[in-house]
Amino acid sequence: MEILVASAVGILTAAGMYLVLRMRTFPVILGVSLLTYAVNVFLFASGRLTVGAPPILNGATRYTDPLPQALVLTAIVISFGMTAVVVMISLGAYLGTDDDHVDDMPDADADAAQEDAT
């Protein structure tokens with residue numbers, strides 16, 4: 001079970017990093033979302049993976065730690081809000097420039113800087 005969860009975290013992290021390093025806004029947003037899911041699964045797995053055990057501390061001989069579950073629930077709510085904010089910011093940037101590249105300089109400035117360097 002731990003190997004499966006560790007593999008899932010690794011795959012989500014690798015896919016998220018690949019998408020974050022792309023130069024378009026939509027893959028970057030998806031990559032950040034995948035990284036968020038990887039962190040959530042990691043936090044959830046840090047509370048000891050116990051099947052069928054309640055997250056209760058009183059009166060149970062076998063239980064699951066409730067703190068990672070609360071952290072993941074909070075992280076899901078925060079990541080949903082931040083994803084909505086980032087989507088709106090990227091939509092505004094796309095509508096303002098008619099381009100969805102994620103770079104520091106516009107194409108004309110980049111070409112001029114490249115010509116100056118040679």
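## Three helices in a predicted model

Helix α2 is among the elements that cover the buried residues of α3. The model described here is predicted. The buried residues of α3 are P68, V72, S79 and S90. Helix α3 itself runs over residues 66-97, which makes 32 residues. From its first C-alpha to its last, α3 reaches 46 Å, close to the 46 Å expected at 1.5 Å a residue. After α3 comes D98, a residue with a positive phi, near 55°.

Two residues of α2, N40 and F44, have contacts beyond their sequence neighbours. N40 lies in helix α2, and F44 is found in helix α2 as well. An α-helix has 3.6 residues a turn, so residues three or four places apart point the same way. The table sets out the relative accessibility of N40 and F44, and their contacts, leaving aside neighbours within four places in sequence.

| Residue | Relative accessibility | Class | Contacts |
|---|---|---|---|
| N40 | 8% | buried | V72, A75 and I76 |
| F44 | 43% | partly exposed | P68, Q69 and V72 |

N40 counts as buried because its relative accessible area, 8%, is under 20%. F44, at 43%, counts as partly exposed because its value falls between the cut-offs of 20% and 50%. V72 is in contact with N40 and also with F44, and V72 is one of the buried residues of α3. P68, another buried residue of α3, is in contact with F44. F44 and L67 are 23 residues apart in sequence, while their C-alpha atoms are 9.0 Å apart in space.

Helix α2 also packs with α1. How do the axes of α1 and α2 cross? Helix α1 covers residues 2-20 and helix α2 covers residues 25-45; their axes come within 7 Å and cross at roughly 160°. α1 is therefore roughly antiparallel to α2, since an angle over 145 degrees counts as such. The crossing in which α1 passes α2 is left-handed.

On the α1 side, the contact is made by V5, V9, L12, T13, A15, G16, M17, L19 and V20. On the α2 side, the contact is made by P27, V28, L30, G31, V32, L34, L35, Y37, A38, V41, F42 and A45. Of the residues in this contact of α1 with α2, 18 are nonpolar and 3 are polar, and none is charged.

Note on methods. Residues numbered from 1 in each chain as written. Predicted model: local features only at pLDDT ≥ 70, side-chain atom pairs only at ≥ 80, totals over all residues. Heavy atoms only, no water. Axes fitted to C-alpha atoms, helices over the stretch in contact; angles between N-to-C directions. Helix = DSSP H or I, 4+ residues; strand = E, 2+ residues; numbered from the N terminus. Parallel < 35°, antiparallel > 145°, perpendicular 65-115°, else oblique. Left-handed = near helix turned anticlockwise from the far one by under 90°. Contact = heavy atoms within 4.5 Å. Nonpolar A, V, L, I, M, F, W, Y, C, P; charged D, E, K, R; others polar. Buried < 20%, exposed > 50% of the residue type's maximum accessible area, 1.4 Å probe, protein only. Expected span 1.5 Å × (residues − 1).
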